[in-house]
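Trainee: I am new to this structure and would like a close look at a single part of it. Please take me through that part step by step.

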Amino acid sequence: MDPVEIKPGIYWVGGIDWELQNFHGYLTQRGTTYNAYLIVDEQVVLVDTVKHYLFDELRARISKVLDPAQIDYLVANHVEMDHSGSLPRMVELAPRAKIITSPKGEQGLRRHYKAAWPFEVVKSGDSLSIGKRTLQFFLTPMVHWPDNMVTYIPEEKLLLPNDAFGQHIASSERYDDEIGWAILHEEAAKYYANIVLPYGEQVKKALTALSGLEIEMIAPSHGIIWRTYLPQILDAYQHWAANDSEARALIVYDTMWGSTGQMAQSLRDGLEQAGVPVTLRNLKTTHISDVLTDVIRSRAILIGSPTLNMGVLPTVGAFLTYLEGLRPKNRIGFAFGSYGWGEQSVKKIEAVMSALGWEMPIAGVKTQYRPDQDELASIREVGAELGAVIKGSE
Ligand code: FEO
C-alpha cells in the first residue's frame, strides 16, 4: 500500500500487522496496525514509528514521499516498542533528526535503547513551529505509560494521540467511515477495556486538557483514523473513563463436571425473567481479553467456579488476576460455585470483588456436588433478585 495523504502534506506511513493474533495476551483476531505520520513542511517530521519487524514497510512508504535523510524531527509520543521499535533504524536513516519526547519518554528511550540520541524534551503546552504548521505537545501520563504524550497540529485541527482512541484492526481502509461504527465501537471498547481501563482518572484529565482544542481528525497509532465518528468515540471515552455501564449482567464461569455451569444457566434464567439482558461466557471457550469487552458494558458481574484445591479453577484464577489489574469500578458483584467438601471458591471470588470495591448486595451461592431441581429453582430466584437490583440501579 502507498502512503495515504490524510491532510495536504501529511501522510500515513505506518505498518500493517495482518497476522498478529496475540498482543502480549490480548487476542487481536483482526490483526493491528502501527501508525506513523510524516509531516512535510519547511521542517520534516515523522510522528512515531512501527514495530521493529515492519521497519521496511515504514521506510518504503516514507521513501515514496521523500528521502528519509530529509527528516528533521522524530516525535516519540510513546516509548512502548510497538511505536519506538523502528527508532534506532530511523535515527540511522535520518542523521540530522532530533528526537522530541516527554521527560519520561527520554528516560524510557535511554533505558531501553542505551543510545546517545539528540533528544529535545518537551512538556505540556510546548509548541514547535515547523513552517506553515505548529506542533503542540500535551503530556498524557498513563494513557498508556508514564511517558505518553499527544501531538496536536492546530492549523489542521489534527490530533495524533498515539495509543488513545486506538483499535486493533488491520485493514486496507484507513478511515472510520470505511469500516463502520458497529465494528469500530466493538474494537475500540475491547482496546479500552484491555489497555486503558486502569487509567480512567488519567483519561478524564487528558480529555479535559484536550477539550479546548478544535479537532476535526484523530489519527491514533493503532487501527483506523477517526474523521466521521469523532463525537461517538469521544463520548464513548467519557463513559468508559467514568466507569459507566449498561443495566445488563455478565456471567463468567468455568465448570469441572457441569454443576457450576448449571448454576450459571439458572442465574441467567432468573436475570432474564427480571428483564435484564445477560451475556454468558464460559472461560473454557472465551478468551479473557474478549470477556473484558463484556465487563466494561455490564453493571453486574457474576463470577462462578467450583472449588479446586481450596481455590478456583485455573481459568477463573487467571481471569480474576487480570480483572484485579484492570480494576473496573462501580460494579455489582456476585459469586457462585459448586464444591465437594471444601467451600473456598465463592469466598476467593468475593475477596477479589471486595478488593475492587464492588457492591455485593446478595450473598454468594454454593451447592454441594450436583444442584437438584429445588436448588436450581432457588438459584433462579437469586438471579431474579439480582435482576431487580440491576433494574433498580438504572
Ligand atoms: Fe501501542 Fe502502549 O503501545
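Mentor: What follows covers one helix and the strands around it.

The model is predicted, so to speak of local features a pLDDT of at least 70 is needed, side-chain atom pairs count only at pLDDT 80 or more, and totals for chains, interfaces and linings use all residues. Residues are numbered from 1 along each chain as its sequence is written, and side-chain values use heavy atoms, with hydrogens and water left out.

Helices (H or I, at least four residues) and strands (E, at least two) are DSSP runs, numbered from the N terminus. Start with helix H1, residues 55–63, where Phe55, Leu58, Arg61 and Ile62 are buried. Buried means under 20% relative accessible area, with exposed over 50% and partly exposed in between (1.4 Å probe, protein chains only). These four residues lie on the same side of H1 because they cover an arc of only 135 degrees around the axis; the arc is that of the directions from the helix axis to the C-beta atoms. As background, an α-helix has 3.6 residues a turn, so residues three or four places apart point the same way.

What covers the buried residues of H1? The cover includes strand S2 (10–12), strand S3 (15–17), strand S7 (37–40), strand S8 (44–47) and helix H3 (87–93). Contact here means heavy atoms within 4.5 Å.

Now take S8. Both of its faces are covered: Val44 and Leu46 are buried on one side, and Val45 and Val47 are buried on the other. In a regular strand the side chains alternate between the two faces of the sheet.

S8 also has pairing partners. Two strands pair if DSSP finds at least two bridges between them. With S7, S8 pairs in the antiparallel sense over four bridges, and Val40 has Val44 in S8 as its bridge partner. A hairpin through three residues joins S7 to S8. With strand S9, residues 73–75, S8 runs parallel, and three bridges join the two. In this pairing Val47 stands opposite Val75 of S9. In general, strands of a sheet pair through backbone hydrogen bonds, either parallel or antiparallel.

This leads back to the helix. S8, H1 and S9 make a right-handed β-α-β unit. A crossover is right-handed if, with the strands pointing away from the viewer, the path from the first strand over the helix to the second runs clockwise.
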